[in-house]
Amino acid sequence: MGIHLYRIDDRLIHGQVVVGWGQPLNARFLILVDDLVASSDWEKELYRMAVPPEMDIYFADVDTAIKEHARYAADPRPGILIAGDTESMHRLAKGVKAIGSVNIGGIHHRAGRAEKLRYIFLTPAEEEQLRALEASGVEVTAQDVPSARAVPLSEVLAGASK
Amino acid sequence: MSNGEESGPANVRAIVIGHGDFSAGLVSAVDQICGMAGRLVGLSMMGLTPEDIETAIRAELARTGAHVIFTDLPAGSATLAARRIVKGDASMVLVSGVNLATLLDFVFNTELSPSEAARSAADRGKASLIVVERS
């Protein structure tokens with residue numbers, strides 16, 4: 001079993017993750033990889049309360065997630081790993097060679113970002129991090145919900161599917 | 001929108017926010033049943049970052065003076081944003097898992113405090129969930 005989905009999502013834990021992906025994957029644990037959340041008891045409690053009782057949630061900063069990845073991957077239950085931004089996932093993938101694919105689930109509008117898909121807006125630096133991620137051998141696609149088509153990164157960056 | 005009473009910020013007692021067009025649908029349903037949609041403001045969180053969701057809720061609370069936030073899913077981004085607001089302001093109340101029965105109870109309970117009205121509405125909403133099977 002182990003980690004069935006590696007997802008970049010700036011909303012971190014929310015309905016699409018817990019219900020939209022969690023139910024079809026039968027996810028029994030979530031790993032929230034975020035340096036800020038991992039350093040705050042209040043933030044951890046906030047996200048813990050959002051997770052249904054049948055799911056465990058683990059919090060880690062990127063460095064800890066790299067160290068603990070083998071343990072997460074060996075978990076007999078299916079799980080989902082979420083990072084809140086491209087930079088965190090890029091750092092994680094540099095430290096963990098076992099990541100085969102990454103799902104971009106949602107990066108929303110903010111100053112300096114350009115629209116690529118309805119649910120993906122990127123700065124030039126974020127585009128570069130995603131290109132570097134793919135160049136390292138990780139398949140990168142965008143897909144907000146399981147029933148949607150997985151859009152290849154090249155198509156995302158071209159903005160062809162807007 | 002409302003057929004039964006004047007609308008305007010002063011009449012608003014709660015913000016309703018959820019996924020997709022959930023809140024607009026619920027507020028519309030309240031209006032169809034009792035004409036009291038003016039006591040609610042519906043917000044959608046479609047396309048918004050977590051920070052923007054929180055900002056949007058705060059803006060509506062400030063504009064209307066409402067003290068109650070209804071959200072759809074306990075795990076949703078709107079609920080997380082509302083929790084942050086409630087944490088910093090003891091006068092605010094959050095009810096997650098809202099349904100139509102919840103809102104109908106709430107809009108009629110104008111004499112109760114926001115907290116009392118929210119509790120009454122949540123109880124009514126829970127009680128409205130029933131399973132009917134042919135025996």
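These questions and answers walk through a predicted model of two chains, A and B.

Reader: Happy to start with the basics: how many helices and strands are there in chain A?
Author: Chain A has 162 residues, and 41% of them count as buried. Among its contacts with a separation of 6 or more, 71% come from residues 24 or more positions apart. The secondary structure of chain A comprises 7 helices and 9 strands.

Reader: What is the radius of gyration of chain A, and how does that fit with 162 residues?
Author: Along the principal axes, the C-alpha atoms of chain A fill a box of roughly 40 × 30 × 30 Å. The globule rule gives 15 Å for 162 residues, and the value for chain A is close to that, so chain A is as compact as a globular protein of that length. The radius of gyration of chain A is 15 Å.

Reader: Which strands stand at the edges of the 7-stranded sheet in chain A?
Author: This sheet is open, its pairing is mixed, and its order is β3-β2-β4-β1-β5-β8-β9 (chain A). A strand with a single partner has one side left without a neighbour in the sheet, and two strands of chain A are in that position. They are β3 (56-60) and β9 (151-152) of chain A.

Reader: Let's look at one edge. Which residue is the bridge partner of A:Val33 in β3(A)?
Author: Strand β2 of chain A covers residues 29-33 and is joined to β3(A) by 5 bridges. The two strands run parallel. Opposite A:Val33, the bridge partner in β3(A) is A:Ala60.

Reader: And what is A:Asp56 in contact with, leaving aside its neighbours within four places in sequence?
Author: A:Asp56 belongs to strand β3 of chain A and counts as partly exposed, with 15 C-beta neighbours inside 10 Å. From A:Asp56 to A:Gly79 the C-alpha to C-alpha distance is 9.2 Å, although 23 residues separate them in sequence. Beyond its sequence neighbours, the contacts of A:Asp56 are A:Arg28 and A:Phe29.

Reader: How many of the 10 residues of α5(A) are buried?
Author: Helix α5 (residues 86-95) of chain A packs on the sheet, touching β1, β2, β4 and β5 of chain A, and its direction makes about 120° with that of β4(A). The buried residues of α5(A) pack against those four strands and also against α4 (62-73) and α6 (124-135) of chain A. Among these buried residues are A:Met89, A:His90 and A:Leu92. The helix is mostly covered, and the count of buried residues is 7.

Reader: A:Leu12 has a positive phi; is this residue buried or exposed?
Author: A:Leu12 is not a glycine, yet its phi is about 55°. This residue sits in the loop between β1 and α1 (15-21) of chain A. Burial needs 20 or more other C-beta atoms within 10 Å; A:Leu12 has 23, so it is buried.

Reader: A:Asn26 has a positive phi too. Is A:Asn26 buried or exposed?
Author: A:Asn26 has a phi of about 55° without being a glycine, and its place is in the loop between α1 and β2 of chain A. With 11 other C-beta atoms within 10 Å, A:Asn26 is exposed.

Reader: On to chain B: what is the handedness of the crossover from β1(B) to β2(B)?
Author: Strands β1 (residues 14-18) and β2 (residues 40-44) of chain B run parallel and share 5 bridges. Their partners include B:Ala14 with B:Leu40, and B:Ile15 with B:Val41. Between the strands the chain passes through helix α1 (residues 22-34) of chain B, and this β-α-β crossover is right-handed.

Reader: Which strands are at the edges of the sheet in chain B?
Author: This open sheet of 4 strands has parallel pairing and the order β2-β1-β3-β4 (chain B). Its neighbouring strands are turned by 20° against each other on average, direction ignored. An edge strand pairs on one side only, as is the case for β2 and β4 (93-96) of chain B.

Reader: Is β2(B) enclosed or open, and how many of its residues are buried?
Author: Strand β2 of chain B has 5 residues, and it is largely enclosed by the rest of the structure because most of its length is buried. The number of buried residues is 4.

Reader: Finally, which helix gives the most to the side of chain B that touches chain A?
Author: Here 13 residues of chain B are in contact with 13 residues of chain A. By class, the chain B side has 6 nonpolar, 6 polar and 1 charged residues. The top contributor gives 4 residues and is helix α3 (residues 77-88) of chain B.

Key. Residues are numbered from 1 along each chain as its sequence is written. Chains are lettered from A and ligands numbered from 1 in the order in which they are written. This is a predicted model: local features need pLDDT of at least 70, side-chain atom pairs count only at pLDDT 80 or more; totals for chains, interfaces and linings use all residues. Two strands pair if DSSP finds at least two bridges between them. Two residues are in contact if their C-beta atoms, placed from the backbone, lie within 7 Å. Axes are lines fitted to C-alpha atoms, for helices over the stretch in contact, and angles run from 0 to 180 degrees between N-to-C directions. Ala, Val, Leu, Ile, Met, Phe, Trp, Tyr, Cys and Pro count as nonpolar, Asp, Glu, Lys and Arg as charged, and the others, Gly among them, as polar. A residue is buried if 20 or more other C-beta atoms lie within 10 Å of its own, exposed if 12 or fewer, and partly exposed in between; C-beta atoms are placed from the backbone. A crossover is right-handed if, with the strands pointing away from the viewer, the path from the first strand over the helix to the second runs clockwise. The radius of gyration is taken over C-alpha atoms; the globule rule is 2.2 Å times the number of residues to the power 0.38.
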